[in-house]
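Work through the exercises below with the sequence and the coordinates open. Each task is followed by a stepwise solution.

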Amino acid sequence: MIPRVHKRGTRTIGLLYYLYGPGTHEEHVDPHLVAAWDSLAPDPGRDPSASYADLQQLLDQPVEAAGRRGRPHVWHLSVRAAPEDPVLTDEQWGEIARRMVAATGIAPEGDTAGCRWAAVRHADDHIHIIATLAREDGRTPRLNNDAARAQTEARLLEAEYGLRRLNAGDGTAARRPTSAERHKATREKRERTPREELRETVRRAVAGTQDEKEFFDRLAASGLLVRRRVAPSGDLLGYTVALPDDRNGKGEPVFYSGSKLAPDLSLPRIRERWTAPVEPTVESAEEQPSVEIQPVASGPAVARRRAASAVWQAVLVVDQGDDHAVAAQLAAAGEVLDALAKTSAAHTRRRLRDAAFAFERATRSHVRAAAGHDRALRRAARELAYGGRALGRGEDGATTAMVIDMIVFLVTAAAHWHARRGHEQQAAAAREAAGHLRAAYRQAADCPLGVLHERGRRLALPVQRQQAAVVRSALPQELAVRVLGEAGWPALAATLADAEAAGHDPARLLAEATRRRELETADSVTDVLVWRLRRMAGLPADATVLPLAAARSTPSRSPVNMPAKRSAQRRKAR
């Protein structure tokens with residue numbers, strides 16, 4: 001159930017005409033009262049002898065008596081049920097209306113001198129409540145935080161009526177599109193409203209930027225109309241953006257300020273991302289970026305591999321860091337997702353775009369982000385943006401799967417972090433993003449893992465047994481049994497053989513890969529280990545570039561053959 005307090009108005013009769021009228025698209029059906037301050041209030045919808053003016057005059061009587069005519073005195077609240085909720089009766093909607101006006105302070109329960117109000121129903125799934133802001137005793141009602149109080153009451157009503165339970169908000173969400181914006185988007189056959197399109201475009205533009213010039217250059221390059229708000233002193237105060245094809249009734253572009261798109265997209269909040277860094281606070285400090293975020297000139301595959309390392313470090317911060325450092329990591333993770341969605345191949349772009357759109361809500365809470373702790377992820381976002389669009393095959397496609405696999409862990413950790421702190425909307429958003437990411441991962445990983453699976457099947461039986469022995473020696477028994485029993489085991493066996501051929505100790509690498517973080521939440525442990533090992537060992541993500549010798553039947557560094565190999569080398573030296 002979604003209650004929404006609308007902008008206050010000055011014409012009671014105008015709002016009544018809308019509520020009882022046919023609607024913008026003839027969507028209003030059987031408009032009628034379901035409740036009012038007085039059970040004898042006239043209902044122009046079902047009483048032929050009642051007029052809009054009759055109801056308007058009664059509603060406005062306290063306003064006239066208090067001499068407040070002409071001021072914004074018309075209060076308007078809409079209450080909408082979810083599409084999957086059962087259709088409520090008029091009596092139920094009437095009780096909901098009474099609960100809402102009591103909770104918001106319009107007409108507190110037991111207060112006979114409250115404001116006058118009326119609840120109109122013109123559809124199955126919602127009602128509108130109109131009230132005039134003058135009490136019967138002449139005083140002004142106390143409506144502080146009326147929107148928040150309406151939301152709180154809605155959560156109680158959802159439980160009592162068995163409706164869909166929405167997550168409680170904390171006031172940090174981006175503004176929802178208005179009903180007018182949604183209807184306009186439907187008429188113009190837009191997938192999303194202009195407000196949502198602009199929010200997504202601005203977020204992509206800001207990802208990995210380091211100063212105002214770069215940010216505004218990216219906005220201009222994205223095709224948006226941009227206006228800058230400049231003070232008389234010449235200082236830049238803010239900005240507004242518009243879609244070139246979004247026009248109002250006068251044919252003028254409809255501009256939105258950054259703060260109207262999302263709280264963290266105002267210019268002052270964006271400037272906070274460009275603050276000086278702090279010293280690394282987690283292990284593997286050698287992987288932290290340098291002080292300045294410099295332009296990068298690397299390809300998509302290199303950018304994705306570096307992003308995977310940065311995301312891995314962020315997972316450790318979310319697991320171990322303090323709340324303010326975690327908040328910084330989650331905000332920057334949104335930038336990584338935005339940049340990845342923008343530069344990915346067509347077959348994964350839609351899912352990644354949906355993941356970034358959903359995770360946007362999880363990037364903000366009342367926990368203030370610590371300045372500078374986001375530098376590694378913001379550098380990763382910058383490299384993704386400048387690395388260019390990735391192909392859907394080869395090393396580009398394989399490293400896309402690698403970084404998505406890492407991001408799934410980060411987003412899942414974010415969901416747990418938010419849930420532990422009671423951030424219900426953010427936790428739900430992170431879980432939704434994780435679902436989109438898993439779908440994108442399956443699309444990206446199908447080909448490169450198929451290649452590795454085939455290489456693993458072609459390994460000679462002694463080599464397969466050797467790698468199985470490595471797994472049993474490096475992992476706890478229960479985890480080893482699970483790994484060896486998964487369908488992805490051949491791909492992991494091939495990766496262990498590749499690591500060994502490259503001069504690494506596969507047992508040590510495997511133990512390190514599983515020590516850093518638990519794997520129980522992974523859908524496929526073998527998939528996770530494949531990408532961790534290939535990243536840690538510096539192996540190509542695309543196994544087709546490796547020479548066939550890496551999969552030969554004779555192990556190159558088998559412990560069984562090492563003494564004989566060393567003896568042969570000593571004889572040759574003689």
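In what follows, contact means heavy atoms within 4.5 Å. The model is predicted.

**Exercise 1.** Determine which strands helix 3 lies across, and its angle to strand 2.

Solution. Take helix 3 as residues 90-104. With the contact cut-off of 4.5 Å between heavy atoms, helix 3 lies across strand 1, strand 2, strand 3, strand 4 and strand 5. The helix runs at about 45° to strand 2. Helix 2 (residues 52-66) can be treated in like manner: helix 2 lies across strand 4 (117-121) and strand 5, at about 35° to strand 5.

**Exercise 2.** Give the strand order of the open sheet of 5 strands and explain why strand 1 and strand 2 each have one side without a neighbour.

Solution. Step one: the order is 1-3-5-4-2, and the pairing is antiparallel. Step two: strand 1 (2-5) and strand 2 (32-36) are at the edges and have a single partner strand each, so one side of each lacks a neighbour in the sheet. Step three: from one strand to the next, the twist averages 25°. Step four: inside the sheet, strand 3 (residues 74-80) pairs with strand 5 (residues 126-132) over 7 bridges in the antiparallel sense. Ile130 in strand 5 is the bridge partner of His76.

**Exercise 3.** Is Gln466 buried or exposed, and which side chain does the side chain of Gln466 contact?

Solution. Gln466 belongs to helix 16 (residues 461-474). Its relative accessible area is 12%; buried means under 20%, so Gln466 is buried. The side chain of Gln466 makes a polar contact of 2.9 Å with that of Glu500.

**Exercise 4.** Describe the salt bridges of Arg155, Arg273 and Arg368, with the burial of the residues involved.

Solution. The structure has 46 salt bridges.

- Arg155 and Glu158 meet at 2.8 Å, N to O. The two residues lie 3 residues apart in helix 4 (residues 146-161), about one turn of the helix, and both are buried.
- Arg273 forms a salt bridge with Asp264, with 3.9 Å between the closest N and O atoms. Arg273 is buried at 14% relative accessible area, and Asp264 is buried at 8%. Both residues belong to a network of salt bridges that also includes Arg203 and Glu335.
- Glu272 and Arg368 meet at 3.3 Å, N to O. This pair links distant parts of the chain, 96 residues apart. Glu272 is partly exposed at 35%, whereas Arg368 is exposed at 56%.

Key: Residues numbered from 1 in each chain as written. Predicted model: local features only at pLDDT ≥ 70, side-chain atom pairs only at ≥ 80, totals over all residues. Heavy atoms only, no water. Pairing = 2+ DSSP bridges. Helix = DSSP H or I, 4+ residues; strand = E, 2+ residues; numbered from the N terminus. Axes fitted to C-alpha atoms, helices over the stretch in contact; angles between N-to-C directions. Buried < 20%, exposed > 50% of the residue type's maximum accessible area, 1.4 Å probe, protein only. Polar contact = N/O pair within 3.5 Å; in protein donor to acceptor, adjacent residues only side chain to side chain. Salt bridge = Lys/Arg side-chain N within 4 Å of Asp/Glu carboxyl O.
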